[in-house]
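This report walks through selected features of the structure shown below. Please keep the sequence and the model at hand while reading.

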Amino acid sequence: MFETVVRGGVVLKPLETWHASDFAEHMSRAREHIRPWVGPAFITDTVDGARATLQRYATATAHDGARIYGLWDEGKIIGGAMFVAFDPVWGNCEVGCWLEPDAVGGGLITRSVALLIEWAFVERGMARVEWRCRIDNDRSVAVAQRLRMRSEGVLRSSWVYDGNRYDKEVFSILRAEWMSARPDITQ
Ligand SMILES: CC(C)(COP(=O)(O)OP(=O)(O)OC[C@H]1O[C@@H](n2cnc3c(N)ncnc32)[C@H](O)[C@@H]1OP(=O)(O)O)[C@@H](O)C(=O)NCCC(=O)NCCS
């Protein structure tokens with residue numbers, strides 16, 4: 001699987017179980033920033049918890065399922081992107097992402113997710129890439145829109161956070177839509 005420079009020396013590469021202590025340190029910087037917007041199982045506060053997240057992904061990857069990639073800036077994890085779900089039999093997958101607060105606003109995620117989508121469609125022949133987020137997650141919605149994903153609708157009251165329920169929006173892009181106007185992922 002790829003390892004590539006995303007921008008300004010920041011590298012995107014697979015996050016593996018042995019990165020648990022680096023991932024736990026990153027989580028201590030990212031936790032409160034991402035907590036409202038990601039699934040609760042992704043929020044951990046110990047090295048064992050971080051290892052459990054990475055082990056879950058490693059097990060799925062071994063079955064050609066979900067995958068997770070970290071963004072490294074000078075050896076420090078600052079965020080990442082993942083295939084939350086990956087089903088090569090049906091050709092459907094879902095992409096997700098996160099950043100620690102200091103890394104927001106630099107275009108790292110749009111380019112990282114474009115790299116994952118390109119791999120899914122071109123290398124793996126997937127048919128559909130999905131994006132799901134809380135409807136009020138403006139920065140996440142902006143990433144989906146920048147990547148020309150189309151809104152497919154709202155799963156009403158399906159996101160629970162801090163005792164409240166929120167709507168979730170589903171976006172997708174199909175293989176033909178991506179291939180007809182692929183972004184220049186070399187920049
Ligand atoms: C969602 C999240 C990862 C998006 O991060 P982001 O930095 O806004 O997204 P990108 O990395 O693509 O950067 C886009 C920003 O960089 C700017 N940018 C700078 N250079 C850029 C470039 N070369 N290309 C694209 N954008 C660039 C864009 O203008 C945009 O900033 P703006 O919205 O202020 O105009 C981040 O807000 C986050 O971690 N949120 C909490 C966790 C979360 O919501 N995860 C997603 C769950 S569905």
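## Helix H1 and its bend

In this predicted model, helix H1 covers residues 20–34, which makes 15 residues. Its end C-alpha atoms are only 18 Å apart, while a straight helix would reach 21 Å at 1.5 Å a residue. Helix H1 also bends, by about 45°, at Ser-28.

Which residues of H1 are buried? They are Ala-20, Phe-23, Ala-24, His-26, Met-27, Ala-30, Arg-31 and Ile-34. An α-helix has 3.6 residues a turn, so residues three or four places apart point the same way. The buried residues of H1 pack against helix H2 (47–62) and two strands, E4 (76–87) and E5 (92–99).

## The loop after H1

Thr-44 sits in the loop between H1 and H2. Its relative accessible area is 11%, so Thr-44 counts as buried. Beyond its neighbours within four places in sequence, Thr-44 is in contact with Met-27, Arg-31, Gly-49, Ala-50 and Thr-53. Of these partners, Met-27 and Arg-31 are among the buried residues of H1.

## Two nonpolar cores

The largest nonpolar core holds 36 residues, and those with the most contacts inside it are Leu-71, Phe-83, Ile-117, Val-129 and Trp-131. Two or more residues each come from strands E2 (10–14), E3 (67–73), E4, E5, E6 (128–134) and E8 (164–174), and from helices H3 (108–123) and H4 (138–146). H3 gives the largest share, 10 residues. Apart from this core lies another, of 18 residues, with Phe-23, Val-38, Leu-54 and Met-82 among them.

What does Trp-131 touch, leaving aside its neighbours within four places in sequence? The residues in contact with it are Val-95, Cys-97, Val-113, Ser-140, Val-143, Ala-144, Met-149, Glu-169, Val-170 and Phe-171.

## Surroundings of the ligand

The ligand is surrounded by 21 residues, of which Gly-105, Ile-109, Thr-110, Asn-137 and Arg-139 are the closest. For Ile-109, a polar backbone atom is 2.7 Å from an oxygen atom of the ligand. For Thr-110, a polar side-chain atom lies 2.5 Å from a ligand oxygen atom. His-33 also places a polar side-chain atom 3.4 Å from an oxygen atom of the ligand.

## Buried residues Glu-118 and Phe-2

Glu-118 belongs to helix H3. Is Glu-118 buried or exposed? With a relative accessible area of 11%, Glu-118 is buried. Its contacts, not counting neighbours within four places in sequence, are Glu-123, Trp-178, Arg-182 and Ile-185.

Phe-2 lies in the segment before strand E1 (4–7). Phe-2 is buried because its relative accessible area, 18%, falls under the 20% limit. Not counting residues up to four places away in sequence, Phe-2 touches Leu-12, Lys-13, Pro-14, Leu-115, Leu-116 and Trp-119. The C-alpha atom of Phe-2 is 9.6 Å from that of Tyr-69, although the two residues are 67 residues apart along the chain.

## Positive phi angles

Arg-148 has a phi near 65°, a positive value in a residue other than glycine. Arg-148 is found in the loop between H4 and strand E7 (150–161). Its relative accessible area of 36% makes Arg-148 partly exposed.

Ser-157 is not a glycine either, yet has a positive phi of about 55°. Ser-157 lies in strand E7. At 32% relative accessibility, Ser-157 is partly exposed.

Definitions and conventions:
Residues numbered from 1 in each chain as written. Predicted model: local features only at pLDDT ≥ 70, side-chain atom pairs only at ≥ 80, totals over all residues. Heavy atoms only, no water. Helix = DSSP H or I, 4+ residues; strand = E, 2+ residues; numbered from the N terminus. Expected span 1.5 Å × (residues − 1). Bend = angle between axes of the 7 residues up to and from the residue. Buried < 20%, exposed > 50% of the residue type's maximum accessible area, 1.4 Å probe, protein only. Contact = heavy atoms within 4.5 Å. Core = buried A, V, L, I, M, F, W, Y, C linked by side-chain atoms within 4.5 Å. Near = heavy atom within 4 Å. Polar contact = N/O pair within 3.5 Å; in protein donor to acceptor, adjacent residues only side chain to side chain.
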